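Q: Hi! Could you walk me through this protein in plain words?
A: Happy to, let's look at it together.

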Amino acid sequence: MATTPIPTLTSKAGCKMPAIGFGTSQLGNCGEIVAAALKLGYRNFYSEGTSATEKGVGEGIKAAGVARKDIFLITKVSHEYLKADAFAKSVEESLERLQTDYVDLLFVHWPAIDGTPLAETMGALAKAKREGKARHIGVANFNIAMTEDAMRLCPEPLSALQAEYHPYLDQSKVLAFCRKAGLNFMAYCPLGRGRLFKDAVLAEIARTRGKTLAQVALRWLVQQGNIAPIPRSANPQHMAESLQVFDFSLTDAEMKKIHALARPDGRIANPQGRAPKWD
Ligand SMILES: NC(=O)c1ccc[n+]([C@@H]2O[C@H](COP(=O)([O-])OP(=O)(O)OC[C@H]3O[C@@H](n4cnc5c(N)ncnc54)[C@H](OP(=O)(O)O)[C@@H]3O)[C@@H](O)[C@H]2O)c1
């Protein structure tokens with residue numbers, strides 16, 4: 001299957017990332033799957049900061065033989081490690097597991113819940129960038145006010161916000177903020193972790209378009225601009241199909257119909273005690 005070229009998103013701070021990525025969580029044979037994803041044409045990988053996943057991603061990249069410079073590699077620092085020393089150690093350990101000297105994008109994964117001052121974490125994030133361990137930096141699961149604080153307190157510019165986004169969740173406020181602030185929006189759970197798959201509206205659009213339901217959901221995200229979804233899949237057919245979303249467009253009416261699917265209970269990742277007050 002020939003793959004249409006993947007567009008690039010550019011943040012105000014100059015971070016260029018492929019407009020679709022690959023999620024790597026909960027993949028049993030992560031290394032093999034990452035190598036297969038590279039062969040299919042994926043160049044943007046979001047690696048969870050867990051040992052098994054990062055090791056798998058590192059091994060997969062090595063096995064595929066694609067040059068490191070041609071891959072946009074992302075990892076995160078978990079909320080337990082947001083104090084300066086722990087942060088630096090977490091970055092070092094991630095780089096070691098990923099078998100690389102740098103990541104292209106480093107996220108703070110969730111806001112602190114142990115009272116660690118945001119300024120301390122932002123200082124540690126900027127330090128990783130200044131030391132060349134992260135080319136670009138960003139925050140994940142921060143609300144708009146927290147992201148504004150992070151941008152103000154960070155000595156280096158932020159390039160991305162990562163948050164959940166799919167047709168069952170209204171993220172219009174966050175997306176508008178990202179556009180204004182010049183941040184790339186990275187959409188996790190872009191297929192609603194499978195919850196979308198019985199949706200009649202998506203199924204009907206997919207049928208008329210001759211596309212799969214997942215492709216329509218991903219197209220709806222990328223067509224909004226400034227969004228890079230990171231679908232996760234262990235199925236080679238699905239992996240290939242998710243890349244084929246740049247060769248068709250949805251009409252304005254179809255886009256609106258999908259926007260109208262948002263529901264108040266659409267959010268999936270909402271850990272009690274850790275999630276901020278969402279916008
Ligand atoms: N930062 C955070 O707090 C956070 C939170 C949650 C997730 N994430 C990241 O986001 C990534 C994606 O989220 P997710 O895994 O929760 O959910 P998701 O990508 O929305 O959904 C994954 C499910 O969709 C299926 N799928 C994928 N592509 C498909 C296709 N083209 N056609 C049909 N089915 C398809 C997969 O099954 P098959 O394997 O059978 O294809 C899997 O069951 C994760 O890997 C993780 O890295 C980050």
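**A buried arginine**

Q: What is the nearest side chain of opposite charge to Arg267, and how far away is it?
A: That is Glu164, 4.7 Å away, and Arg267 is buried yet has no salt bridge. Buried means under 20% relative accessible area, with exposed over 50% and partly exposed in between (1.4 Å probe, protein chains only). A salt bridge needs a side-chain nitrogen of Lys or Arg within 4 Å of a carboxyl oxygen of Asp or Glu. For charges, Lys and Arg count as positive and Asp and Glu as negative, while His and the chain ends are not counted.

Q: Before we go on, what kind of model is this?
A: It is a predicted model, where local features need pLDDT of at least 70 and side-chain atom pairs count only at pLDDT 80 or more, while totals for chains, interfaces and linings use all residues. Residues are numbered from 1 along each chain as its sequence is written, and side-chain values use heavy atoms, with hydrogens and water left out.

Q: Back to Arg267, where does it sit and what does it touch?
A: Arg267 is in the segment after α10 (252-259). Setting aside residues up to four places away in sequence, Arg267 touches Glu164, Leu169, Gln171, Arg195 and Trp278. Contact here means heavy atoms within 4.5 Å.

Q: How many helices and strands are there?
A: The protein has 10 helices and 10 strands. These are DSSP runs numbered from the N terminus: helices are H or I, at least four residues, and strands are E, at least two.

Q: Let's pick a strand residue. Is Leu106 buried or exposed?
A: Leu106 is buried, since its relative accessible area is 1%. Leu106 belongs to strand β6 (residues 103-108). Its contacts, not counting residues up to four places away in sequence, include Phe87, Val91, Leu125 and Ile137.

Q: And which residues does Ser25 contact?
A: Leaving out neighbours within four places in sequence, Ser25 is in contact with Glu48 and Arg232. Ser25 lies in the loop between β3 (22-23) and α1 (30-40). Its C-alpha atom is 23 Å from that of Ala86, and the two residues are 61 residues apart along the chain.

Q: Zooming out, what share of the residues is buried?
A: Buried residues make up 56% of the 279 residues.

Q: What about contacts across the sequence?
A: Among contacts between residues at least 6 apart in sequence, 73% join residues at least 24 apart.

Q: Last one: what are the box dimensions?
A: The C-alpha atoms fill a box of roughly 55 × 40 × 30 Å, taken along the principal axes.
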